[in-house]
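Work through the exercises below with the structure open. Try each task before reading its solution.

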Amino acid sequence: MDLLPGGVNSPVRAMRAIGRNPVFVARGSGARLYDVDGTEYVDWISSWGPLILGHAHPAVVEAVNDAAANGLTFGAPTEAEVELAAEVVRRVPSAEMVRMTSSGTEAAMSAIRVARAATGRDAIVKFRGAYHGHSDGLLADAGSGLATQGIPASPGVTAAQARDTIVVEWNDRAGVEAALASEPVAAIVAEPYPANMGLVPPRDGFLEFLREAATATGALLVFDEVITGFRVGPGGVQARVGVTPDLTLLGKVLGGGLPAAAYAGRRHLMELVAPAGEVYQAGTLSGNPLAVAAGLATLGLLDGAAYDRLASTTDALAAGLAAAARECGVPVQVQHTTGLLTVFFSRAPVTNFTEASACDTAAYGAWCRKLLERGVYPPASQFEAWFPSLAHGDDDVERTVEAAAAAFEAL
Ligand SMILES: Cc1ncc(COP(=O)(O)O)c(C=O)c1O
């Protein structure tokens, strides 16, 4: 606490929201995490998404070691970057060209710069409780760590930056229509399966509606698939539901546990990016060899069978948690999709951030503390998702459901 603000290098790692100190980690293996005191946990945060294969997967570690032996970074292009871009283009329907960055934050702010350059418009529409990284214009009502810490909008963001962001409630068609009518909009930016207010899927037809509304008004549609990209299926939400955005943000799984992210999209948009075009964006370590090697090794193991297994692990976890809550008479909603899950302490399904905010966060916090005491590491916030991985087996689900039942009972 003396050296790191709040004891952490990123706010969601702190456990203030559930009334305790963060876990200091010594190592991870598969689905298990070990703290500095030697306590073992079933890890359900998977570093907040990247570790879809679990901790220290041998194929990823070997790929990173091999890459490291050949040089850590060059500041010049490598063949592996082209290979990774080709893999992204093969999987993600909207991706014709790819620009890599080191973080999802950079990918989001850069894609918005492209959208503004392409449309000649300033305003963007984002959804309440959706997180697109911590760049100034995207911090309004940004869910995730801000919601967890009770921060509605960050000090330090100028009025001018805030003015260009129109915030609309998720799943609210009339709200989107009103925003698009209020001024010319460069882009609608959406997590297609929002996971930073907890997991709140779109209502039937909402993503199709966003596509049509963007096209009709000359705005671009930007899907932030930093979380969902290679997690809910091989080509993200867009491949699964058949709604193709103009630009896509990718990260987390893309770097296999090392810093890598990307924005990708239609050729005519991506060719605006320097040096092909004049929209400037750069990065010393963008597409660095270690992250690219980890990403390629990870994506190489994500075939159809892998997603079937991830879906059945998530289904089993969701069913087990819901049954445990029911038996103990604790009203919760377990909302899930392949590789993502949230236990909302709510009597009714959660369809937007206002409803997520109305959950019983004190009960959620007490439940999480009990889980941690029983060797299960859940997201220490009502506004984050659980991240099942391919390393989680039946024993991890069983141990978690047992601990969850005891924790519900203790509430
Ligand atoms: C949907 C989404 N977009 C963007 C980001 C920002 O990514 P990064 O933390 O790599 O900057 C995150 C991070 O959690 C995210 O969940």
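**Exercise 1.** What is the order of the strands in the open sheet of 4 strands? Find also which strands stand at the edges.

Solution. The model is a predicted one. Step 1: read across the open sheet, which gives β1-β2-β3-β13, with mixed pairing. Step 2: look at the ends of that order. β1 (25–29) and β13 each have a single partner strand, so one side of each is left without a neighbour in the sheet. Step 3: take one pair inside the sheet. β2, residues 32–35, and β3, residues 40–43, are antiparallel and joined over 3 bridges. Across from Y34 stands E40 in β3.

**Exercise 2.** Is S389 buried or exposed? Locate S389 and list what surrounds it.

Solution. Step 1: place the residue. S389 sits in the loop that runs between β13 (376–377) and α14 (394–410). Step 2: compare its accessibility with the cut-off. Buried means under 20% relative accessible area; S389 has 1%, so it counts as buried. Step 3: follow the side chain of S389, which comes to 3.0 Å from the backbone nitrogen of A391. Step 4: leave aside neighbours within four places in sequence; S389 is then in contact with S46, L51, I52, G54 and L310.

**Exercise 3.** Which residues does A187 touch, not counting those up to four places away in sequence? Decide also whether A187 is buried or exposed.

Solution. Step 1: find A187 in strand β7, residues 185–190. Step 2: its relative accessibility is 0%, so A187 counts as buried. Step 3: list the contacts of A187, which are A115, A123, I124, V125, A219, L220 and V222. Step 4: check a residue 112 places along the chain, L299; the C-alpha atoms of A187 and L299 are 29 Å apart.

**Exercise 4.** Which residues surround the ligand, and how many of them are nonpolar, polar and charged?

Solution. Step 1: collect the shell, which consists of S103, G104, T105, Y131, H132, G133, E191, N196, D224, V226, I227 and K252. Step 2: sort the shell by class, giving 3 nonpolar, 6 polar and 3 charged residues. Step 3: pick out polar contacts. A backbone N or O atom of Y131 is 3.4 Å from a ligand nitrogen. Polar side-chain atoms lie by ligand oxygen atoms in two cases: N196 at 3.0 Å and K252 at 2.9 Å. Step 4: consider the ligand's area. On its own the ligand has 390 Å² of accessible area, and the protein covers 81% of it.

Conventions
Residues numbered from 1 in each chain as written. Predicted model: local features only at pLDDT ≥ 70, side-chain atom pairs only at ≥ 80, totals over all residues. Heavy atoms only, no water. Helix = DSSP H or I, 4+ residues; strand = E, 2+ residues; numbered from the N terminus. Buried < 20%, exposed > 50% of the residue type's maximum accessible area, 1.4 Å probe, protein only. Polar contact = N/O pair within 3.5 Å; in protein donor to acceptor, adjacent residues only side chain to side chain. Contact = heavy atoms within 4.5 Å. Near = heavy atom within 4 Å. Areas by Shrake-Rupley, 256 points an atom, 1.4 Å probe, with all protein chains shown as cover. Nonpolar A, V, L, I, M, F, W, Y, C, P; charged D, E, K, R; others polar. Pairing = 2+ DSSP bridges.
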